[in-house]
Structures are given as C-alpha cells and as structure tokens.
Amino acid sequence: MKILVMGAGSIGSLFAGLLACNNENDVTIVAREFQVKAVKSYGLKIKGLIEKTVKNIKAETSVQPLIKEAWDLILLTVKAYSVSEASKQISPLIKEKTMVLCLQNGIGVEDEVLKVIRKENIIRGVTFCGAFLEKPGIVVSTGFGKTILGGLSPRNYDNILDIAENFKNSGFYVEISDNIQSIVWTKTLVNAGINPYGTLTGMRNGELLEYEDLKLLIAETVLEGVRVADKLKIPLPEDPVDLTFKTAKATAENFNSMLQDIKRGRRTEIDYINGAISRLGSSTGVSTPLNMLLTFLVKRLEKNTMVEELWRRVIHQKIS
Ligand SMILES: NC(=O)c1ccc[n+]([C@@H]2O[C@H](COP(=O)([O-])OP(=O)(O)OC[C@H]3O[C@@H](n4cnc5c(N)ncnc54)[C@H](OP(=O)(O)O)[C@@H]3O)[C@@H](O)[C@H]2O)c1
C-alpha cells in the first residue's frame, strides 16, 4: 500500500514506523520541519515496548510535492483541533480509492473531515496504542493495545478489510467495528471522566480514586455523557463509569495526556471531549453542567490565565 501519514508527531510516527517495516508498504510522512529533518538524516527510531530503527520512510513538510502520486491510505494523525486544516491540505490528494483514516481521540472529528472529503473515503479509527515523541526522529511506544476501525459508509467495508489485514501484517492488533461511534464515545467518556480532573488537580490517574467526592464527580461527569449518547441513540455496550474507574486504576501511575499538554504549554483536546459532550447536550436538551464547567476551567488553564489571575486578585485584595 502507498501510505501517507499526515501529521507524524507521536502516534503518527509510531504507525508510520511499523507500517514501513512491512515490505508491502511504501510510507511517507508529512510532519513539522524538525521531524522531517531527523527522519531524512537518521531514519525513525522506535523505542520502549517496541524497538526498531526504520530507514525507508520518506518525509516532507507539506503535501505539495505529493499531489500527483496515487495514495491508497492517508492516516490523519494530527490533534483533533488541527483536523480541519489538515483535511483541507490532503483533499487534493484524494482519488476515488484513497482511504483517509482518522485516528484522533474525541467526538465529532470526522465531521470536520466530511466538510472536504466524501464519506465513502473516510474511515474512523480508535487506537489503544500509546506513544510520545522523545526527540525529533525518536518515538517511544508506551502502550500497545487494539486499533479498531469502522467505516462511515458501508461501501468502504472491503477497503477496511484490506487495511486491517495490512495493519495485522505490520504487527498491530486490529478489529473492525460495525458501530465505530460506540467505540469513539466509550473512549471519549473515559477521557471525559479522567482527563480534566487530573489536569485541574495535577494528580496521577490513580490518585483521583483516593477521594470519594472526586469519584462521585467523575461518575456524574461520565453519566452526563451517557445521557447524551442515549439521546443520540449511540449504544454503549460497557458501563462507562465502571470502565473509567478501571482505566484510572490500570493507568494509576500516569499523568493523563491533557495534563501533559497543559504542562508543555500546548492546547488540549477538551473541545472534542467534555466540550463536545456539553455542546451535544445543549442541542439535544440534556443538562451537562459538569462537562460545561470542566471545559471552561481547562480552557482558562490553556490560556494560562487561571492561576495568574487568582494570585493577582489575592494579592490585590491584601493590599487594598
Ligand atoms: N499519543 C498517543 O499516545 C495517542 C494515543 C491514542 C490517540 N491519540 C490521538 O492521536 C491524535 C494525535 O496525537 P499525538 O499525541 O500524536 O499528537 P502530536 O504528538 O501533537 O502529533 C501531531 C503532529 O502533527 C503536527 N501537525 C499538525 N498539523 C499539521 C499539518 N497541517 N502538517 C504537518 N504536521 C502537522 C503537529 O505539529 P504542531 O504541534 O506544530 O501542530 C504535531 O507534530 C490526537 O487526537 C490524540 O488524542 C494519541
């Protein structure tokens, strides 16, 4: 398969590296300049749970030189908030048989892609692999779970089968779902319960479970999302509250990705997690006050104003 990975940061580099190790594939990444320079000079190194050095990856900083080539698969691996821009950039590369696989966490990502690409060309994926970019050209594999694929249109089922087979041959654990929105929502509800609380308190996932009040708030946050999913007729086969607590326990030592984004001064994906639950709650008449509040607070933190503002006010009050 001729594969393009659009936005090869953490998860994109992991997928690009493993797919390129499979002789069936010809892999190119589009990434930021630091990453492109490193990959062109030294190849891509995968560390952690998987150890590989991959030399046969092509790299570009933009899609412009790639427009004339015929792509079988484009993995969209930018953050959810970059999907709209990245989709516009890849749209001239889409031929009738090109499949675009969206691997973001969060709700509503594919709606952004649908504005510029037909649903017959789009596949939604949810991955339980984990990775971070340690340095340019070096990606650390921190978790290696399933990747679940589902089409937006029944017409692309054969393409999904081919992609799933290719991913399996490249070492991934792959499943196909006939209701990918269930999987997207279930993972998002777990993130909605853990991520903002970890972010606002600075706690590791496991510490969140040590406070009964916090556990009640987490459960209610997830349940608000369950009520929205119910209104939208999205089936949730597992109990999302139970799954949230199990996930926090299983990842007890981790700081969640939203907290890590805040620590690095980066934007978070809150708009596509609690923000999406809150927006869809408003449009379906379901009350979601906790998700609304958490979105507001995390967005304040993103702007780095909350702590500073609080201190400014405290100091001002003492003086006056
Ligand atoms: N990392 C994980 O373990 C993991 C696991 C499961 C799911 N996910 C999901 O996968 C998605 C990506 O996460 P990530 O952690 O891999 O993010 P990431 O490390 O930030 O990687 C995305 C990369 O794409 C770049 N980018 C954005 N727009 C681009 C464009 N138009 N052209 C070229 N490069 C572009 C970004 O650069 P800038 O930062 O400069 O924009 C960044 O380097 C998220 O939705 C996340 O929730 C991640």
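**Two domains, their contact and a few buried residues**

C129 is tucked away: its relative accessible area is 9%, so it counts as buried (buried means under 20% relative accessible area, exposed over 50%, and partly exposed in between, with a 1.4 Å probe and protein chains only). The structure is a predicted model, in which local features need pLDDT of at least 70 and side-chain atom pairs count only at pLDDT 80 or more, while totals for chains, interfaces and linings use all residues. Residues are numbered from 1 along each chain as its sequence is written, and side-chain values use heavy atoms, with hydrogens and water left out.

What about disulfides? A search of the whole structure turned up 0 of them (a disulfide is a pair of cysteine sulfur atoms within 2.5 Å). For C102, the closest cysteine sulfur belongs to C129 and sits 17 Å away, which is too far for a bond. C129 is in no disulfide either, as the nearest cysteine sulfur, that of C21, is 14 Å off. C102 is also buried, at 0% relative accessibility.

Zooming out, the chain splits into domain 1 (2-178) and domain 2 (182-310), with bounds that come from an automatic or database domain assignment. Taken over C-alpha atoms, the centres of domain 1 and domain 2 are 26 Å apart. Their contact (heavy atoms within 4.5 Å) involves 14 residues from domain 1 and 15 residues from domain 2. Together the two domains bury about 1,500 Å², and 63% of that is on carbon and sulfur atoms; buried area here is the accessible area (1.4 Å probe) that two parts lose on being put together, summed over both.

Which interactions cross this interface? There is 1 salt bridge between domain 1 and domain 2 (a side-chain nitrogen of Lys or Arg within 4 Å of a carboxyl oxygen of Asp or Glu). A salt bridge joins the side chains of D261 and K79, at 3.2 Å from N to O. Between the two domains, 5 residue pairs are in polar contact, both residues being at pLDDT 80 or more. A polar contact is a pair of N or O atoms within 3.5 Å; within protein, one must be able to donate a hydrogen and the other to accept it, and residues adjacent in sequence count only if both atoms are side-chain atoms. On the side of domain 1 that touches domain 2, α4 (109-114) and β8 (122-135) each chip in at least two residues. β8 gives the most to that side, with 4 residues. The helices (H or I, at least four residues) and strands (E, at least two) are DSSP runs, numbered from the N terminus.

Two threonines are worth a look. T147 is part of strand β9 (residues 138-151) and is buried, with a relative accessible area of 0%. Its side chain makes a polar contact of 2.9 Å with that of T127. Beyond its neighbours within four places in sequence, T147 touches several residues, including F15, L103, C129 and Y173. T186 sits in helix α6 (residues 180-201) and counts as buried too, at 9% relative accessibility. A polar atom of the T186 side chain lies 2.6 Å from the backbone oxygen of S182. Outside its neighbours within four places in sequence, T186 is in contact with L236 and L243.

Is K233 buried or exposed? K233 counts as exposed, at 72% relative accessibility. This residue lies in the loop between α7 (212-231) and α8 (240-250), and its phi is near 60°, a positive value in a residue other than glycine.
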